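Here is a short report on selected local features of one model. Please keep the sequence and the 3D view open while reading.

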Amino acid sequence: GSDTATAGRLSGKRVLVTAGPTFEDIDPVRFIGNRSSGKMGFALAAAARRHGAEVTLVAGPVALPTPVGVQRIDVRSAQQMHDAVMAAIDAQDLFIAAAAVADYAPVHTSSHKLKKSEASRSVELVRTRDILADVAARESRPFLLGFAAETDEVAAYARGKLQAKGLDLIAANRVGVAGSGFEADENSIELIWADGERRFGPAPKTRLAQELLDEVVEHMEKRSR
Ligand code: CTP
Ligand code: CA
């Protein structure tokens, strides 16, 4: 619908968004990170605010301005993002997990810069907690939109994650090809749910976010009817 027709569709609703990468520190100068820009999550937070929602944005390390009217919580690591989400999760109506959360973090973070004393070295890593899966497992949970960034068999892997994590919707996008996904301004997305799917884009991430959010709100409204 038009902007006026959809304005305020989320008024009185609370929306929590994760966005950006996480950085897992190895020592004071080195970390493990990823190529997420945070643009999609920030655009979704802005779109939810424009629809009248009270929006909390948990942001990994990104250089992006805070969308107008959005409450932003900056974090660095997957554990910090987990803590911030769990502290804010009560009474949320919609959780959008757009962050590219590190799957592994160093077992030890050195407080001193590591020196190149050895010819080779390895960094022992341990799995991080899955924020989205932990939210999904809660007794009372918000409507859930997950993301799946994949290089191969995009829709099939995404549908697997939708089921495995018990999500309402998952937005799948192809990464690792020029002009889409991470670090790109344009993107295309396949929105997938239990018995359907819809394609969005290619379009600029801001427009894609608006169209995607409109569809998400449709699904939320259908669910609550
Ligand atoms: N996610 C999360 N916390 C994690 C890992 C992932 O909240 N520790 C969320 C992401 O924000 C995304 C969804 O789970 O919404 C899927 O993330 P993705 O990396 O595509 O899938 P994984 O479940 O981590 O599996 P894999 O990386 O092995 O494909
Ligand atoms: Ca992952």
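## Paired strands

Two strands count as paired if DSSP finds at least two bridges between them. This model is predicted. In it, strand β9 (residues 143–150) and β10 run parallel and are joined by six bridges. One residue pair shows the register: Phe147 has Ala171 in β10 as its bridge partner.

Strand β10 spans residues 169–174 and is mostly covered. Five of its six residues are buried.

## Thr128 and its surroundings

Thr128 belongs to the loop between β8 (125–127) and α4 (131–136). Is Thr128 buried or exposed? Its relative accessible area is 18%. Buried means under 20%, so Thr128 is buried.

Which residues does Thr128 touch, leaving aside its neighbours within four places in sequence? The contacts are Ala78, Ala102, Asp103, Tyr104 and Ala105. Ala102 also has a polar link to Thr128: its backbone oxygen lies 2.6 Å from a polar atom of the Thr128 side chain.

## The calcium ion

Asp103, one of the contacts of Thr128, also coordinates the calcium ion (ligand 2). Asp103 is listed twice as a donor, each time through OD, at 2.3 to 2.6 Å. Asp103 sits in the loop between β6 (94–97) and β7 (104–106).

## Aromatic pair and a charge

How many aromatic pairs does a search of the whole structure find? The search finds one. The rings are those of Phe23 and Phe31, with centres 3.9 Å apart and planes at 15°. Planes under 30 degrees apart count as stacked, so this pair is stacked.

The two partners differ in burial. Phe23 is buried, at 15% relative accessible area. Phe31 is partly exposed, at 38% relative accessibility. Phe31 also has a charge over its ring: the charged end of Arg76 sits there, 5.4 Å from the ring centre.

## Gln79 and Ile131

Gln79 is part of helix α3 (residues 78–88). Its relative accessibility is 42%. Partly exposed covers the range between under 20% and over 50%, so Gln79 counts as partly exposed.

How far apart are Gln79 and Ile131 in sequence, and what is their C-alpha to C-alpha separation in space? In sequence, 52 residues separate them. In space, the C-alpha to C-alpha distance is 8.9 Å. Ala78, in contact with Thr128, falls within the span of helix α3 (residues 78–88).

How values were computed:
Residues are numbered from 1 along each chain as its sequence is written. Chains are lettered from A and ligands numbered from 1 in the order in which they are written. This is a predicted model: local features need pLDDT of at least 70, side-chain atom pairs count only at pLDDT 80 or more; totals for chains, interfaces and linings use all residues. Side-chain values use heavy atoms; hydrogens and water are left out. Helices (H or I, at least four residues) and strands (E, at least two) are DSSP runs, numbered from the N terminus. Buried means under 20% relative accessible area, exposed over 50%, partly exposed in between (1.4 Å probe, protein chains only). A polar contact is a pair of N or O atoms within 3.5 Å; within protein, one must be able to donate a hydrogen and the other to accept it, and residues adjacent in sequence count only if both atoms are side-chain atoms. Contact means heavy atoms within 4.5 Å. Donors are N, O and S atoms within 2.8 Å of the metal (3.2 Å for Na, K and Ca); water is not among the atoms, so sites may look incomplete. Rings of Phe, Tyr and Trp (its six-membered ring) pair if their centres lie within 6.5 Å; planes under 30 degrees apart count as stacked, over 60 as edge-to-face and the rest as tilted. A charge sits over a ring if NZ of Lys or CZ of Arg is within 6 Å of the ring centre and within 35 degrees of the ring normal.
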